[in-house]
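Hi everyone, thanks for coming. I'd like to walk you through one structure this morning, so let me put it up on the screen.

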Amino acid sequence: MCDFLCWRRSDLTSCARIGCVRFPGRPLCSRCPAMPFSAQPPASGERYALSASLDNARHLSSLLRAVHFQDHATCLATASGLRVTVEDAKCIQANAFIQAEIFQEFSVQEESVMFRISLSVLLDCLTIFGTSSLPGTSTALRMCYRGYGYPLMLFLEEGGVVTVCKINTQEPDELLDFDFCSTKVVNKIILQSEGLREAFAELDMTSEVLQITMSPDKPYFRLSTFGNAGSAHLDYPRDSDLMEAFHCNQTQTNRYKVSLLKPSTKALALSCKVSIRTDAQGFLSLQYMIRNEDGQICFVEYYCCPDENITEAEL
Amino acid sequence: LSRIGDELYLEPTESGLSLRAVNSSRSAFASFLFAPLFFQLYEPGSSGPDTELFRCKVHMKSFLGIFRSLPSLEKSVGKCLILLKPRASRLVLQLHCKYGVTKTHNLAFQECERLQAVFDTQRCASRLCAPARVLTEAVVHFPPTLAEVTLGTGPGGKISLRNYVEEEAGESCRVRGPPPRLVVPSSPPPTPFPPPEPSKTMVTELWLAEDEFQSVAVAPGSHITFCFKEFRGLLSFAEASNLPLTIHFDEPGRPVIFTLDDTVLEVHLVLATLSDLQSNSQSPSTNGVSHLPAPSDDFPDDLESYMAAMETSEGGSEGPPSPTFPLRTPRPAESEPEEEEEEEEEEGAVPGTPPHKKFRSLFFGSVMTPGRPGLATTQEVLAEDSDGES
């Protein structure tokens, strides 16, 4: 049993699973993450809980940036792909989905693999060669995760230079379940992101809340803020060219904390379309359709609870 | 306007919508009057014989926040609707954007007194008119942080611009030496006059030939010193709108008036100018400073009449005028060029910002030309001066 693992884990079973037990008597086994490793990525015959390759790391990093409003994130890898979740204040949850098809290679040994990781560090590593996107250059990525207790290993290569990163993982948090399914949706709108970008970028931050009104009648779709200067309303008519779909059955007005929703501006900036849905309790779902450099589609979604401190809206 | 004050005064009038601002020390005032033709629709509301048209003021920042990004506004906004709703206490600005999107801003406003500076370009001895570009290119040589600039007239009709440098003094109650003067000899432009002590400040002086201006009608040997920041603000507007700028000025201490004129827009910027502390009570050799060469023959005449005016006003004033604006005087009978003036009264000149202690006494000996009727007692205007200057 590897001394390193013994220090970290008292669970023999998991050690056996990882394979350290194959080299008894050695203080550190060659498979142990504590061993200095070569620059060569491990052969694909190795049993890794998660193993993935991506020709252009930006396909991953740009999406992760769209949900980077907290330091830590929970990663869930399944056969269909990778989901990265960030939460705040038990009120807001953002998910970035990178499906398996985006990767050149994506394999998950078990049904699912889940860990918590520092998103800030992960992004720093993914962009270690710089964030400017010169045409023609891209960073290649190989990602390996041996499983519970192991760090996430990243092998990044650009222009012949290789960087190896090892990021510690933690016990995954329990995630919120907004229980938002399409059958419970009361109002739904799909808008071209172009129409909302400026509105979100210029949101009056002196307002505590963003009020969203969705209605089959006027004003159809309205975003309102109540700041120091006064109130501001942004109205989108149902027949606007920006409106791709308009399915509003009931007039609903809900308020959400501006500080919680403001980070979604990053996702909005990357996206070409956004779907806005509310359910009977006023929970908000924002789903952003993002097209990456190669034209592939990925999704980012934000879920937000309505603000409980309801006061009368200004006219 | 935001370079001048923190509050924007909106006053609808029969002749158009007037937007005005004043600075905290009441030494700068600007007004932009947009004629009804500037708008697609202009309804100033109705005013009866006893009621005036409603006016208000809003926070400058709040108002500007609505027009944050000019390039994106130009691309996306079709039209803008401005509604003043007194009963709801709201100023409504509604932007109609492309794709049918409507942005409605409801700004809180405050009722206010009429903000009105008192000035009369007719009474200015000197007038210059130049394309904005000429002046913009000239001021580029001065640091943007410059506080005050001196405009002067020189030999051969040349016009000079020079950064104003305060003379050094050790005590808290400063006594000025001989005032800065642009001497008018028949020789090359005067060199910067020696300050009391060797100054460590860089002095920049720029001369413009008469032919750079569209018109020059100036009293020789005159000069005025005013605030640079507000002047630059107006200059960038003039350049952007490609309008020539006219500068009306008189003696030091009397306000300088900058105007821009267009068929649908009238702009006035009134700035206080620094006075010369030239009075009998001052000994010429106070600081032991050597004198400048004797002024030319033209100058003393102006100086004498100026001093006469000082003495007259000091004797005849009814007591210190309020530090706030207008000392209203009855309208003179002379006719005016059409649309040139809104007001015809004099402004009590306030020394330039920041208010210096040494100018306080001068302030109350406010300048009035001889022969004017006495000060009227009516003062229509203004919020109380919160500076505590008085």
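Let's start inside chain A, with an open sheet of five strands in the order β5-β1-β7-β8-β9, paired in the antiparallel sense. A word on what we are looking at: this is a predicted model, where local features need pLDDT of at least 70 and side-chain atom pairs count only at pLDDT 80 or more, while totals for chains, interfaces and linings use all residues. Residues are numbered from 1 along each chain as its sequence is written, chains are lettered from A in the order in which they are written, and side-chain values use heavy atoms, leaving out hydrogens and water.

Back to the sheet. Strands here are DSSP runs of E, at least two residues, helices are runs of H or I, at least four residues, and both are numbered from the N terminus. Two strands pair if DSSP finds at least two bridges between them. The edges are β5 (105-108) and β9 (161-167) of chain A, each pairing on one side only. From one strand to the next, the twist averages 10°; axes are lines fitted to C-alpha atoms, for helices over the stretch in contact, and angles run from 0 to 180 degrees between N-to-C directions.

Now look at β7 (140-145) and β8 (152-158) of chain A, which run antiparallel and are joined by six bridges. Within that pair, A140(A) stands opposite E157(A) of β8(A). Helix α4 (119-126) of chain A packs on this sheet, touching β7, β8 and β9 of chain A, and its direction makes about 25° with that of β8(A). Contact, by the way, means heavy atoms within 4.5 Å.

On to the two chains together. How many residues does each chain bring to the contact? Chain B gives 17 residues and chain A gives 17 residues. The buried area, meaning accessible area (1.4 Å probe) lost on being put together and summed over both parts, is about 1,400 Å², with 44% from carbon and sulfur atoms.

There are two salt bridges between the chains, each being a side-chain nitrogen of Lys or Arg within 4 Å of a carboxyl oxygen of Asp or Glu. One of them links E198(A) to K103(B), with the closest N and O atoms 2.8 Å apart. On chain B's side, α2 (70-76) and β7 (102-108) each supply at least two residues, and β7(B) has the largest share, seven residues.

Finally, β7(B) pairs antiparallel with β14 (230-236) of chain A over six bridges. There, S231(A) has N106(B) as its bridge partner.

Notes. Buried area = accessible area lost by both parts, 1.4 Å probe.
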